[in-house]
Amino acid sequence: MPLWVLATDRPPAGGMEAADTHITIRGLVKRFQGNTVYDRFDLDLPRGAITSVFGPNGCGKSTLINMISGILPTDGGEILFDGKTVAQTRIGYVFQNYREALFPWMRAIDNVAYPLALMGVPEAERRRRIDKLVAGFELTFDLHRYPYELSGGQQQTVSIMRALVIEPEVLFLDEPFSALDYEMTLTMRDQLQKVLRETRTTSLLVSHDLDEAIYLADKVLLLTRRPTRVAAFLDVGVPRPRTPASTTHPDFTALKAQALGIFQAAVRGG
């Protein structure tokens, strides 16, 4: 497990004012078999915003959110959530492989309710929370079916609902749409942005698709090659709600061109 220590008085990284910061990262270190991925890495992540994480292959995008979420131990540094440790924070996590994330012997509705049952939440409250998510996602399929009876997009919707049903303070999504076809990906993006904007959940999304990273995000975190640094932390000013037509908005195309230039420089090691 990570070793959590008190925050230092170093100034915030990433251009955020302290009052707007939800997650504080200071001096983060991570090595794999002697190879340094992160070395004294600092970052502040904004409250209530969707932050997309984008960078070259192998730069440690998933490693970063896995360390922040407590899934992966760090080799040094501190990560705090409003001054609290990850153990004191409600965390939701959506994995890339939805087929392995769901319990196949449970109906979809029982998969969604599972973390609430573990928490001892009364049945009436479980039902209320699930009904709220059903309305938010505008579900058109039956949650009383088993995962193998659902399409890939429906299974991933169930996975996202299970992560949100605990009303997390922070939600992590690791390439949640990469295993879906293009049509389903477009639908899922729109459903997810709607729900996250309504709940104002602080969210970190890893994506290998720059259009998706910009489309969903309030801010795009661009990373360099190893040892990984912040190449840029860009605000996304494209109006919401966003639709596929938003990708042709002048603000979208300008930001994509800017991000692509930074990404290419990062790939070259510049």
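**Two helices and two cores**

In helix 3, residues I109, V112, A113, L116 and A117 meet R126, R127, R129 and I130 of helix 4; contact here means heavy atoms within 4.5 Å. That meeting surface divides into six nonpolar, no polar and three charged residues, where Ala, Val, Leu, Ile, Met, Phe, Trp, Tyr, Cys and Pro count as nonpolar, Asp, Glu, Lys and Arg as charged, and the others, Gly among them, as polar.

A word on the model: it is predicted, with local features needing pLDDT of at least 70 and side-chain atom pairs counting only at pLDDT 80 or more, while totals for chains, interfaces and linings use all residues. Residues are numbered from 1 along each chain as its sequence is written, and side-chain values use heavy atoms, leaving out hydrogens and water.

Now turn to the interior. The largest nonpolar core (buried Ala, Val, Leu, Ile, Met, Phe, Trp, Tyr and Cys residues joined through side-chain atoms within 4.5 Å) has 49 residues, and F137, L143, V158, I160 and L164 have the most contacts inside it. Setting aside neighbours within four places in sequence, L164 is in contact with L133, F137, L171, V195 and L196. A second, separate core of 25 residues includes I25, L28, L45 and F81.

Is T157, in helix 5 (residues 152-164), buried or exposed? T157 counts as buried because its relative accessibility is 3%; buried means under 20% relative accessible area, exposed over 50%, and partly exposed in between (1.4 Å probe, protein chains only). Not counting residues up to four places away in sequence, T157 touches F137, L139, F141, M188 and Q191. Helices are DSSP runs (H or I, at least four residues), numbered from the N terminus.
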